[in-house]
Amino acid sequence: LHCFSDATSLGTASPQGAGDGAVAASTGMGIPSRAYLQAWQDTFGRLLQHAPRHVNFQCFATLACSLLSTSAAKGLDMWSWYLSRAGPGAGSTDSTEAKASRPKWVPLPGGTVGEELPGIINALVGVAVSSPEQGTRARAYQNLRHTIGLLEEETRFGLLRWLLEECPYPNMKGLLFGLLKDEASLALKSATSRGVSVFASPPLLALMLRAFAALDKQLDAHMAGAAAGAREVQNAGAFLDFQPALLHALSLYRLVLLADQQNSTGVWDPEALQAVRHTLLVPLHRRTTDLLRPPHSGRRDEQEKDGAAAGLASPSLGDEQPLLLLVIAAQDRVKEILEQGIVTSHAQ
């Protein structure tokens, strides 16, 4: 594997048994041709047949991390190739057969996982948020999604918790909330047929509360960096950096409220409703209200309040106004569900 890493950088080595044709196929520019890579992939295919699954993962994850640090395209090519042969992908259910084929890395105390797993996850996240090419970013995210899908349920849960609490990138936060929503949706729909999933039980609520609190803290820190010279505009921009994450967080909460009518997660418990109100809804309402405030006004008169209630944002927001209104609309949808659920509960 180390030889391959060097070969892809130098274009000078060939795998044992690959033949001189593989060497000749190298471009000489440090980038192997398809035939050259195919020769290596044939070699790796034999390795996959003879090494234990967790050893293969460690080896290929180490190699992919090394390649991703120098060439995103080569690293993604190699990791995609490994994933295509490593088992079920993201979105597949944990049937008995699927569970048997998944790597079984149980999260350690504190929610951490094996060293090799965060390594490849961090590398993929880095490419997904920093590559200048949209196609490369999309490929990295799909690889991330597929990698998480290879893991057994407990490890997927621990990994998503770790990422949602620690990931510093606003756009990636939104995608991670989306992954958690997919897991929760599948688990809540099939809880009766497949037993109780960790994604359809109280640990999901605990994860959501921690993720919402981490998001609020991160957004606070991000907005605190707004320049004093143009605070309204800067604050709007800082807030809207987190718009995808906020929309996905609200969407996740809305889905769990609607899908968990049996309250298997505890999401409808009074303490849980209050906790989400404290960690997500109230801070979000405060920030959107502040952004709707006309510039340089110390307070609002009744007309200004009416305008804010109607979703008429401050003129200083300009083209960012529709993005802010999307967040407000998502908040309103959550509030409607909460009001209906509370009324129904009182009626019963």
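These legends accompany close-up views of a predicted model.

**Figure 1. The whole chain is helical, without strands.**
The chain holds 17 helices and zero strands. It runs to 348 residues, and 46% of them count as buried. Among contacts with a separation of 6 or more, 69% join residues 24 or more positions apart. The accessible surface of the chain is about 17,300 Å². Carbon and sulfur atoms supply 55% of that surface.

**Figure 2. Helix α9 runs alongside helix α12.**
Helix α9 covers residues 153–166, and helix α12 covers residues 202–224. Their axes come within 8 Å and cross at roughly 15°. Angles under 35 degrees count as roughly parallel, so α9 and α12 are roughly parallel to each other. The crossing of α9 past α12 is left-handed. On the α9 side, the contact uses F157, R161, L164 and E165. On the α12 side, P203, L204, L207, R210, A211 and A214 meet them. Seven residues of this contact are nonpolar and three are charged, with no polar ones.

**Figure 3. Helices α9 and α10 pack in a roughly antiparallel pair.**
The α9 and α10 axes lie 10 Å apart, at an angle of about 155°. Angles over 145 degrees count as roughly antiparallel, and α9 and α10 are therefore roughly antiparallel to each other. Their crossing is left-handed. From α9, the contact takes in R156, L160, L163, L164 and E165. From α10, it takes in K173, L176, F177, L179, L180 and E183. The contact of α9 with α10 comprises seven nonpolar residues, no polar ones and four charged ones. L164 and E165 of α9 appear in this contact and also in the contact with α12.

**Figure 4. L180 of helix α10 is buried.**
L180 sits in helix α10, residues 170–189. Is L180 buried or exposed? Its relative accessible area is 0%. Buried means under 20%, so L180 counts as buried. Which residues does L180 touch, leaving aside those up to four places away in sequence? They are L160, L164, F199, L204, L207, M208 and L252. L160 and L164 are also part of the α9 face towards α10. L204 and L207 belong to the α12 side of the contact with α9. R161 is 19 residues from L180 in sequence. The C-alpha atoms of L180 and R161 are 9.1 Å apart.

**Figure 5. Helix α12 also packs with helix α15.**
The axes of α12 and α15 are 10 Å apart and make an angle of about 25°. That makes α12 roughly parallel to α15. The crossing is left-handed. Helix α12 contributes L205, L209, F212, A213, D216, L219, D220 and M223. Helix α15 contributes A272, A275, V276, T279, L280, P283 and R287. Of the residues in the contact of α12 with α15, 11 are nonpolar, one is polar and three are charged.

**Figure 6. N263 has a positive phi in the loop before α15.**
Where is N263 found? The residue is in the loop between α14 (243–259) and α15 (270–292). N263 is not a glycine, yet its phi is positive, at about 60°. The relative accessible area of N263 is 24%. Partly exposed covers the range between the 20% and 50% limits, so N263 is partly exposed.

How values were computed: Residues are numbered from 1 along each chain as its sequence is written. This is a predicted model: local features need pLDDT of at least 70, side-chain atom pairs count only at pLDDT 80 or more; totals for chains, interfaces and linings use all residues. Side-chain values use heavy atoms; hydrogens and water are left out. Helices (H or I, at least four residues) and strands (E, at least two) are DSSP runs, numbered from the N terminus. Buried means under 20% relative accessible area, exposed over 50%, partly exposed in between (1.4 Å probe, protein chains only). Contact means heavy atoms within 4.5 Å. Accessible areas come from the Shrake-Rupley method with a 1.4 Å probe; for residues, only the protein chains shown count as cover. Axes are lines fitted to C-alpha atoms, for helices over the stretch in contact, and angles run from 0 to 180 degrees between N-to-C directions. Angles under 35 degrees count as roughly parallel, over 145 as roughly antiparallel, 65 to 115 as roughly perpendicular and the rest as oblique. A crossing is left-handed if the near helix is turned anticlockwise from the far one by less than a right angle, and right-handed if clockwise. Ala, Val, Leu, Ile, Met, Phe, Trp, Tyr, Cys and Pro count as nonpolar, Asp, Glu, Lys and Arg as charged, and the others, Gly among them, as polar.
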